[in-house]
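Dear colleague,

I am handing over the structure we spoke about, and I would be glad if you could read the notes below with the coordinates open beside them.

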Amino acid sequence: MDIRIDTLNKTIVNCKKCPRLVKFVKKISKKKRKKHIDEIYWGKPVTGFGNKDSKLMIIGLAPAAHGGTRTGRAFTGDKSGDFLFSCLYDVNLSNQPYSKKLNDGLKIKSTYMTNVLKCVPPEDKPSGEEIQNCSNYFNNEIKYLENLRVILALGKVAFDNFIKNYKKKYFIKEKMIFGHGKKYLLPDGKIIFSSYHPSPRNVNTGLLDKAKMKRVLISIKKLL
């Protein structure tokens, strides 16, 4: 890992900028789900993971309460992550079709995975101030990934917040509207794709299935 990203991640893990989120993360870590009752929750901000040469960044809004907040790794330990990694494996962006816990042997190829917000907010609804507090961390992740070419935003909220954040740095004339499989050229030459979030609700209702997700991932691979 790049020393800058390593240093950034240490700062993220120790961050206490948002008292409401710190309190909520602690609450979750004590009031565990029954099936995880014997586990020790990570219970801290969750950093991104991947390698410094990544060309693709996959982003969500925030860690899952009993996924990333429990395991200490983004997109890990919940059904959304199970679906996502199954798709990544099928298109050869991951060495295994699951992501269960830290040190489970997972390796992702030319991909960095992270969240706009590093702590889970109550009801998945962060305040503007909380997103602002985290924006410097997220911006530095993008900055330090010098080979980054494509961003894949999972879910409308992650997509909208990414665009809102980018507009603070760049002038964006084009109206960028969320839609599954849509892509836009960003002012710095990168490309952003949007996808429905791989949540159980979206999968169970048929809004998203593996074929739809893999089509987006294959389109991205062609650009990489």
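To begin inside the sheet, Gly 50 has Tyr 112 as its bridge partner in β3; please keep in mind throughout that this is a predicted model. The two strands concerned, β1 and β3, pair in the antiparallel sense, and 2 bridges connect them. On the β2 side the sense changes, for β2 (residues 56–60) runs parallel to β3 and is joined to that strand by 5 bridges, with Met 113 of β3 serving as the bridge partner of Ile 58.

Strand β3 itself, which spans residues 111–115, is mostly covered, since 5 of its 5 residues count as buried. Thr 111, Met 113 and Asn 115 point one way from the strand, whereas Tyr 112 and Thr 114 point the other way, and all of them are buried. This fits the general rule that side chains in a regular strand alternate between the two faces of the sheet.

Seen as a whole, the sheet is open and mixed in its pairing, and its 6 strands follow the order β1-β3-β2-β4-β6-β5. Its edges are formed by β1 (49–50) and β5 (183–185), each of which pairs on one side only. At the β5 edge, 3 bridges hold that strand and β6 (residues 191–195) in an antiparallel pairing, and there Tyr 184 stands opposite Ile 192 of β6.

Two loop residues deserve a look at their backbone angles, given that most residues other than glycine have a negative phi. Asn 103, in the loop between α4 (79–90) and β3, has a positive phi near 60° without being a glycine, and this residue counts as exposed because its relative accessibility is 78%. Asp 124, which lies in the loop between β3 and α5 (128–144), likewise has a positive phi, of about 60°, although it is not a glycine. With a relative accessibility of 52%, Asp 124 also counts as exposed, because the cut-off for that class is over 50%.

Finally, there is a patch of positive charge on the surface, where Lys 16, Lys 26, Lys 30 and Lys 44 gather. Of these, Lys 16 is placed in the loop between α1 (3–13) and α2 (19–30), and it is exposed, with 59% relative accessible area.

With best regards

Key
Residues are numbered from 1 along each chain as its sequence is written. This is a predicted model: local features need pLDDT of at least 70, side-chain atom pairs count only at pLDDT 80 or more; totals for chains, interfaces and linings use all residues. Side-chain values use heavy atoms; hydrogens and water are left out. Patches are made of residues with over 30% relative accessible area and no salt bridge: like charges are joined within 9 Å, nonpolar side chains (Val, Leu, Ile, Met, Phe, Trp, Tyr) within 5 Å. Accessible areas come from the Shrake-Rupley method with a 1.4 Å probe; for residues, only the protein chains shown count as cover. A salt bridge is a side-chain nitrogen of Lys or Arg within 4 Å of a carboxyl oxygen of Asp or Glu. Lys and Arg count as positive and Asp and Glu as negative; His and the chain ends are not counted. The place of a charge is taken as NZ of Lys, CZ of Arg, CG of Asp or CD of Glu. Helices (H or I, at least four residues) and strands (E, at least two) are DSSP runs, numbered from the N terminus. Buried means under 20% relative accessible area, exposed over 50%, partly exposed in between (1.4 Å probe, protein chains only). Two strands pair if DSSP finds at least two bridges between them.
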